[in-house]
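Open the structure in your viewer and keep the sequence panel at hand. The tour below goes from selection to selection and says what is to be found at each stop.

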Amino acid sequence: MKNTLARYRGLPPLQKAALWFGIAVLVYTLIGFLLAPLILKAVLEKKLPRALHRPVTIETVRLNPYALSLTIEGFALADKEGPDPFVFFDRLYVNLESLSLVKKGLILQSISLKGPAIHVSRLDEKTFSFSDLLPAPAAEEPAEETSGQFLFSINNIEIENGSIRYRDLPKGVSHTIDAFTLAIPSISNLPSKVQASVQPHFSAVVNGTPISLAGGSKPFAETRATEVDLKMSGINIPEYLAYIPNPTGLTVKSALLDIDTRLSYLLMPNEAARLALTGTLTLRSVEVIDGKGETYLRFPALTVVLADSDLLQREIRLAELTIDSPQLDLTRLPDGSILPLALLSPSDGAPAGAPAETDETSSPSDDPVRVTIDRFRLDNGAVTWTDQALENPARVRLDAIALAAAPLSTVPGSENAVAGSLRLNQTGSLKAEGVLVLEPLALKTSVMLEAVQLKDFQPYISEQARIVLAGGTLALQGDLAVKEDAAGRPGLHFSGQSSIAGLASTDTLAGEDLVKWKDLQINEIAFSSSPLELSIAEIHLENPFVKVLINDDGTANLSRIAATGGENDAPAAAPPGEETAAEARIAIKKVTLRNGKVQFFDRSIKPAYGANLDQLNGAITGLSSRAGSLATVKFDARIDQQAPLAISGEINPLSKVPFADIKIDFKDFNLSPLSPYTGKYVGYKTDKGKLNLDLLYRIQGSSLESSNKVFLDQFTLGEGVESPDATSLPVSLALALLKNRQGEISLDIPVTGDLNDPEFSVGGVVIQVLVNLVTKAATSPFALLGSLIPAGEDLQHIPFEPGRAQLTEETTGKLSAVANVLHERPGLRMDISGRAASVLDSRALARIRMDKLVKLEKLKGTGAKKGEDVDVQGIEVSAEEYPRYLKQAYSKALEAAEDEGRKEPLPGNPENEGEALARMEAFLLEGIKIEDEELRLLALDRANTVLGYLIEPGKVEPGRLFVIEPHLASPEGEEAQESQTQVELLLK
């Protein structure tokens with residue numbers, strides 16, 4: 001030892017220094033390589049468990065004092081709830097740059113982490129497996145001012161083959177991140193390196209989906225220039241949506257997201273920043289379902305190609321947006337709600353449409369986001385509409401939907417060229433092409449709708465009408481424009497034409513054809529919703545057919561077409577300020593109808609009746625809602641192939657005060673087919689006859705004035721028919737009274753009334769007039785003879801003097817008029833009923849017999865030649881002779897009376913000769929008895945006198961005149977007796 005010490009002392013200084021340097025290096029080496037790792041490992045394994053309250057294990061700690069590097073291998077921090085470690089890594093390598101002391105900052109040459117693994121579990125809604133490691137919230141302390149910026153430069157940062165395991169115990173799912181790799185060549189805020197770009201690279205496999213992120217950044221340069229490339233493929237969206245609250249009833253069953261984007265950030269010298277996102281986003285295999293597993297939306301791919309945009313300036317620009325084969329299913333439920341829209345409402349009971357809670361301190365920007373899509377395309381789309389709110393559910397499918405726009409922008413005033421097409425229920429098609437402005441809303445496009453089958457919408461038609469469409473093809477072509485007004489309400493404008501070809505409909509109740517036509521053309525349509533205007537050049541209807549059917553119960557098929565609705569079917573009142581249909585301006589230049597046909601069939605009578613109206617042609621020209629305008633009407637047709645019908649006049653049904661002045665001419669209609677009606681209601685079949693109608697109708701507002709001229713030619717009733725509905729009125733007599741010698745009947749029935757009166761009916765008034773005519777035929781038949789009877793004349797009663805059956809000049813004049821009536825009305829027959837008054841006629845007959853007794857006394861006194869026929873009535877007795885012959889007759893009567901035990905009626909002496917004569921006359925009259933048989937013969941004599949006068953000129957056939965049993969009047973008042981000395985004529 002002494003020798004060694006002596007030897008050391010004898011060394012030169014330079015050798016001594018070299019010796020001490022070697023010893024220092026040796027010690028430094030031993031401490032750095034051997035001692036320090038042991039101490040550091042022991043400290044870490046002791047201190048970390050105390051701080052983290054979890055076991056910590058470290059396999060190896062190595063230091064390289066020369067390379068200034070630290071290596072830790074096999075680190076594990078135990079999980080509190082399970083056997084797997086919470087944090088683990090295979091190797092951590094940190095290499096400190098020796099220049100750190102010189103640069104006065106932290107400079108790491110490299111830092112590398114291999115095989116890191118993290119296991120995290122969510123235990124409940126707010127507790128995780130690492131919650132115990134989180135520090136308790138502490139009160140904020142003011143930050144200490146630093147003397148300067150901390151400088152650092154970290155190079156070659158690497159994380160290799162990392163993994164993260166996340167278990168969500170409440171939801172029962174797990175997530176994994178494997179092959180986690182991060183490489184950052186350098187990041188530094190040293191003045192010499194602030195302009196150097198940091199170019200990190202990140203990759204991983206998240207739940208089986210590879211993710212890649214790369215780019216470059218200058219985080220400490222003034223520009224903060226940064227670019228980040230993000231690539232992700234097959235991100236399973238539903239796995240992550242599970243952590244977002246979903247208040248709706250819809251769930252994304254499947255959706256994969258591919259991302260290949262670049263995010264760029266740059267801070268301008270004027271402190272204005274620019275953030276841009278470019279690249280491609282692809283959403284694949286999307287399917288949206290409800291809680292029952294019903295699918296409502298699905299599409300294989302949606303691709304967004306992002307163009308250079310300035311996101312901070314609220315500008316988004318897409319180079320392309322493509323949607324491939326989307327399919328949307330919409331269902332209207334019986335309660336009127338529409339799926340899936342109804343499922344978008346919060347399912348927790350919050351009212352639909354309730355505003356979401358927002359931060360009152362925040363306010364949206366006044367500058368909206370401006371989105372521009374350079375090219376938009378939707379290919380092969382499909383929408384299926386199922387309506388379960390109908391009695392018979394409806395299904396409408398739109399497919400082959402194609403939409404394209406280039407560009408499509410929300411920038412106000414920007415015009416976007418758009419085009420679209422679709423197929424409707426496999427047969428119909430819609431094509432449109434035009435220009436769209438989104439802000440404010442405006443659209444100008446051509447529209448072509450073709451081959452739409454109306455029967456596909458039968459369930460909707462059945463809700464409103466009891467008809468079934470067997471055919472009918474709708475087409476429409478024109479230009480459509482939509483534009484918002486100042487109040488933001490969209491206005492609709494259309495110009496073009498439309499048609500419905502091959503319409504065929506059937507009455508569902510009767511199973512009969514109802515309405516058909518070959519073609520309906522509506523040409524040069526011009527429609528505007530604001531102001532409400534409609535102009536049509538022509539409506540042309542080709543070969544229309546309508547069947548009018550009267551059912552067994554008497555109801556018409558047309559009256560039962562409308563489906564019975566509830567109170568909710570009442571039309572809603574127009575909102576205040578909106579134009580009503582009456583205020584709309586409507587103009588239809590021409591409505592033409594060609595070769596129309598109406599078929600009428602009445603099953604309510606037996607046998608059934610049918611008629612056909614065909615060759616219906618005509619037009620209405622100049623229809624307009626303008627006040628004062630009149631449209632001309634002219635139609636021609638025929639009934640049952642022979643009876644012409646003509647309708648002409650002027651109308652204005654569109655004005656506020658409707659007007660019509662219509663003339664209807666109808667000629668040569670054969671009446672014999674109407675036998676079912678006359679048999680049922682009159683009790684006779686119709687043998688023959690023709691009908692002509694000349695009708696004039698004038699309507700002003702609700703006021704109606706009409707003239708109904710009816711002409712019947714050779715109308716003849718046939719054999720009788722037993723019918724409980726037949727009238728008891730003398731219809732045959734009425735016809736005979738009305739029919740002239742040529743077999744013609746002319747009636748003029750004026751009708752006036754108020755169309756708003758629910759009890760007013762033109763047909764009802766006409767029928768009532770006819771009933772009144774027939775009733776009058778029974779009560780006053782001569783009143784129906786009109787001009788054939790002199791004014792004020794009563795031809796039904798022919799008066800006679802009491803006791804006489806001779807005609808007077810007055811009665812012969814009446815009988816001449818009666819003869820003329822019977823001549824002009826050859827269908828009439830007449831009963832002649834003689835009448836006699838028991839008092840007046842008996843009194844007159846007794847007087848006549850007394851006069852005969854007086855004349856017989858004169859005949860006896862003057863004598864008569866033998867064999868000569870003497871007419872006692874022709875003997876004249878003068879006034880001077882009368883007292884003498886009266887006394888002779890009286891004496892003989894008195895003698896006869898005494899023999900019979902009678903006495904003089906008035907005993908005593910008369911005061912004068914006049915009284916004496918009166919007593920004698922009274923006595924004679926008292927002795928004369930007039931029997932009813934004599935009165936009957938007098939009545940018959942009167943009837944035969946009338947009969948003889950009527951047939952004598954030859955105008956009236958005897959076979960039409962009948963003398964019937966006379967009528968004897970019982971003793972009544974004097975006035976009543978006078979009315980019975982006559983003959984009554986009864987027309988039949």
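**Stop 1: valine 418 and its strands**

Select valine 418, which counts as buried because its relative accessibility is 19%, under the 20% cut-off. The model you are looking at is predicted. Valine 418 has its place in strand 22. Now show what surrounds it: leaving aside residues up to four places away in sequence, valine 418 touches Ala404, Ala405, Ala432, Glu433, Gly434, Val435, Leu436 and Leu443. Of these, take alanine 404 and draw a distance: its C-alpha lies 5.6 Å from that of valine 418, with the two positions 14 residues apart in sequence counted as separation.

Next select alanine 405, whose bridge partner in strand 22 is valine 418. Colour strand 20 and strand 22 (residues 416–424); they pair antiparallel through 6 bridges. Add strand 19 (residues 376–387), which is joined to strand 20 (residues 394–405) by 9 bridges, again antiparallel. Phenylalanine 376 has alanine 405 as its bridge partner in strand 20. Follow the chain from strand 19 to strand 20: the two form a hairpin, with 6 residues between them. Strands of a sheet pair through backbone hydrogen bonds, in parallel or antiparallel fashion.

**Stop 2: isoleucine 184**

Go to strand 8 (residues 173–188) and select isoleucine 184, which lies in it. Is isoleucine 184 buried or exposed? At 18% relative accessibility, isoleucine 184 counts as buried. Then pick asparagine 155, which is 29 residues away along the chain; the C-alpha atoms of asparagine 155 and isoleucine 184 are 7.3 Å apart.

**Stop 3: the nonpolar cores**

Which residues have the most contacts inside the largest nonpolar core? Select Ile620, Ile651, Phe666, Phe669, Leu691 and Leu712; these are the ones, in a core of 46 residues. Strand 31 (residues 609–624) gives the largest share of this core, with 6 residues. Keep leucine 712 selected and display its contacts: apart from residues up to four places away in sequence, leucine 712 touches Leu671, Lys690, Leu691, Gly743, Glu744 and Ile745. For a second, separate core, select Leu113, Val120, Ala255 and Tyr296, which are among its 29 residues.

**Stop 4: aromatic rings**

The model has 5 aromatic pairs. One of them is formed by phenylalanine 666 and phenylalanine 669, a tilted pair with 5.4 Å from centre to centre and 40° between the planes. Phenylalanine 666 counts as buried, at 8% relative accessibility, and phenylalanine 669 counts as buried as well, at 6%.

Move on to tyrosine 890 and phenylalanine 923, an edge-to-face pair with centres 5.4 Å apart and planes at 80°. Tyrosine 890 belongs to helix 11 (residues 882–899) and phenylalanine 923 to helix 12 (residues 913–927), so this pair ties together parts 33 residues apart in sequence. Both tyrosine 890 and phenylalanine 923 are buried. Then select Phe600, Tyr609 and Tyr677, which form one aromatic cluster.

Two lysines are worth adding to the view. Lysine 516 lies over the face of phenylalanine 545, 5.1 Å from the ring centre. Lysine 547 lies over the face of phenylalanine 601, at 6.0 Å from the ring centre.

**Stop 5: a four-stranded sheet and its helix**

Finally, select strands 38, 41, 39 and 40. In that order they make an open sheet of 4 strands with mixed pairing. Which strands stand at the edges? They are strand 38 (797–799) and strand 40 (961–969); each has a single partner strand, so one side of each is left without a neighbour in the sheet. From one strand to the next, the twist averages 20°.

Zoom in on strand 38 and strand 41 (residues 982–987), which pair antiparallel over 3 bridges. Here isoleucine 798 has valine 983 as its bridge partner in strand 41. To finish, show helix 13 (residues 932–951): it lies across strand 38, strand 39 (830–837), strand 40 and strand 41, and runs at about 150° to strand 40.

Methods
Residues numbered from 1 in each chain as written. Predicted model: local features only at pLDDT ≥ 70, side-chain atom pairs only at ≥ 80, totals over all residues. Heavy atoms only, no water. Pairing = 2+ DSSP bridges. Phe/Tyr/Trp six-rings, centres within 6.5 Å; stacked < 30°, edge-to-face > 60°. Buried < 20%, exposed > 50% of the residue type's maximum accessible area, 1.4 Å probe, protein only. Lys NZ or Arg CZ within 6 Å of the ring centre and 35° of its normal. Core = buried A, V, L, I, M, F, W, Y, C linked by side-chain atoms within 4.5 Å. Contact = heavy atoms within 4.5 Å. Axes fitted to C-alpha atoms, helices over the stretch in contact; angles between N-to-C directions.
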